[in-house]
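Please look over the chain shown here before reading the report. The text is meant to be read alongside the structure, with each residue looked up as it is named.

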Amino acid sequence: MALKLTIRPGETVFVNGAEICNSGSATSLVIKNHCRILRESEMVSERDVYLPCSRLAFVLQQIVLKENPFEELNELSKLAIQILQKMPAVAPQILEIQNLLSEKKAHMAFKKGKALMALEAAEFGKAEAS
């Protein structure tokens, strides 16, 4: 199934390692095959990585963008353990992220990771920077 992507003026998207910036009026692209794609507005900036769940979301973002994210998958396992020690109640979300990755649904896993990031920030705040 094709993905229709509308890019607003000034918006940037990342497709298979290419950074595509729209310098004109809104435009639409139709992506007809599988690719690694994220909008800049969806991305987690490294400067926002200050707690384990934000690190998890950042690593999931790298998994979405990389062709062979072997190192990131290893780091993800370590982060999951850290998060579960700190927030055992999020075990179902961590399991869901792992299941989505095993089903090759990295973008959905990334969205779940961002939701965990927001939950952690609300619970612990920036004051507990790691």
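The report below goes from the whole chain to one helix, then to the main pocket and to a few single residues.

## The chain as a whole

The model described here is a predicted one. The chain holds 4 helices and 5 strands, and when the elements are read from the N terminus on, they run β-β-β-β-β-α-α-α-α. Taken along the principal axes, the box filled by the C-alpha atoms is roughly 45 × 30 × 20 Å.

Of the 130 residues in the chain, 38% are buried. The accessible surface comes to about 8000 Å², and 54% of this surface belongs to carbon and sulfur atoms. Among the contacts with a separation of 6 or more, 57% are accounted for by residues that stand 24 or more positions apart.

## Helix H1

Helix H1 covers residues 52–65, and because its 14 residues at 1.5 Å a residue should span 20 Å, the distance of 20 Å between its end C-alpha atoms agrees with that expectation. The helix is also mostly covered, with 13 of its 14 residues buried.

## The largest pocket

Rolling a probe the size of a water molecule over the atoms shows where empty space is left. In this model, the largest pocket contains about 840 Å³ of space. Its lining is made up of 26 residues, and those that lie nearest its centre are His34, Cys35, Lys104, Ala106 and His107.

Several elements take part in the lining, since at least two residues each are supplied by strand S1 (3–7), strand S5 (37–39), H1 and helix H4 (106–124). The largest share, 4 residues, comes from H4. Sorted by character, the lining has 14 nonpolar, 3 polar and 9 charged residues.

## Two residues with positive phi

Asn16 is found in the loop between strand S2 (12–15) and strand S3 (18–21), and its phi is positive, at about 45°, although Asn16 is not a glycine. Because its relative accessibility is 39%, Asn16 counts as partly exposed. Leaving aside neighbours within four places in sequence, Asn16 is in contact with Cys35 and Arg36, and the first of these partners, Cys35, is also among the residues nearest the centre of the largest pocket. From Asn16 to Lys66 there are 50 residues in sequence, while their C-alpha atoms are 7.7 Å apart in space.

Lys104 likewise has a positive phi, near 65°, in a residue other than glycine. Lys104 is found in the loop between helix H3 (91–102) and H4, and because its relative accessibility reaches 74%, Lys104 counts as exposed. This residue, too, is one of those that lie nearest the centre of the largest pocket.

## Arg36 and Asp48 in their loops

Arg36 lies in the loop between strand S4 (27–31) and S5. When neighbours within four places in sequence are left aside, Arg36 is in contact with Phe14, Val15, Asn16, Val64, Leu65, Lys66 and Glu67. Arg36 and Lys4 are 32 residues apart in sequence, and their C-alpha atoms lie 14 Å apart in space.

Asp48 has its place in the loop between S5 and H1, and because its relative accessibility is 29%, Asp48 counts as partly exposed. Beyond the neighbours within four places in sequence, Asp48 is in contact with Ser54 and Met117. Asp48 and Leu5 are 43 residues apart in sequence, with a distance of 26 Å in space from C-alpha to C-alpha.

## Ile94 in helix H3

Is Ile94, a residue of helix H3, buried or exposed? Because its relative accessibility is 6%, and the limit for a buried residue is under 20%, Ile94 counts as buried.

If residues up to four places away in sequence are not counted, Ile94 touches Ala80, Ile83, Leu84 and Leu116. For one of these partners, Ala80, the separation is 14 residues in sequence, whereas the distance from its C-alpha to that of Ile94 is 6.8 Å in space.

Notes
Residues are numbered from 1 along each chain as its sequence is written. This is a predicted model: local features need pLDDT of at least 70, side-chain atom pairs count only at pLDDT 80 or more; totals for chains, interfaces and linings use all residues. Side-chain values use heavy atoms; hydrogens and water are left out. The expected span of a helix is 1.5 Å times one less than its number of residues. Buried means under 20% relative accessible area, exposed over 50%, partly exposed in between (1.4 Å probe, protein chains only). On a 1 Å grid over the protein atoms alone, a cavity is a set of points where a 1.4 Å probe fits but cannot get out, and a pocket is an open set with protein on both sides within 12 Å along at least five of seven lines; lining residues have an atom within 4 Å of a point. Grid points are joined across faces, edges and corners, and a volume is the space filled by probe spheres set on the points. Ala, Val, Leu, Ile, Met, Phe, Trp, Tyr, Cys and Pro count as nonpolar, Asp, Glu, Lys and Arg as charged, and the others, Gly among them, as polar. Contact means heavy atoms within 4.5 Å. Accessible areas come from the Shrake-Rupley method with a 1.4 Å probe; for residues, only the protein chains shown count as cover.
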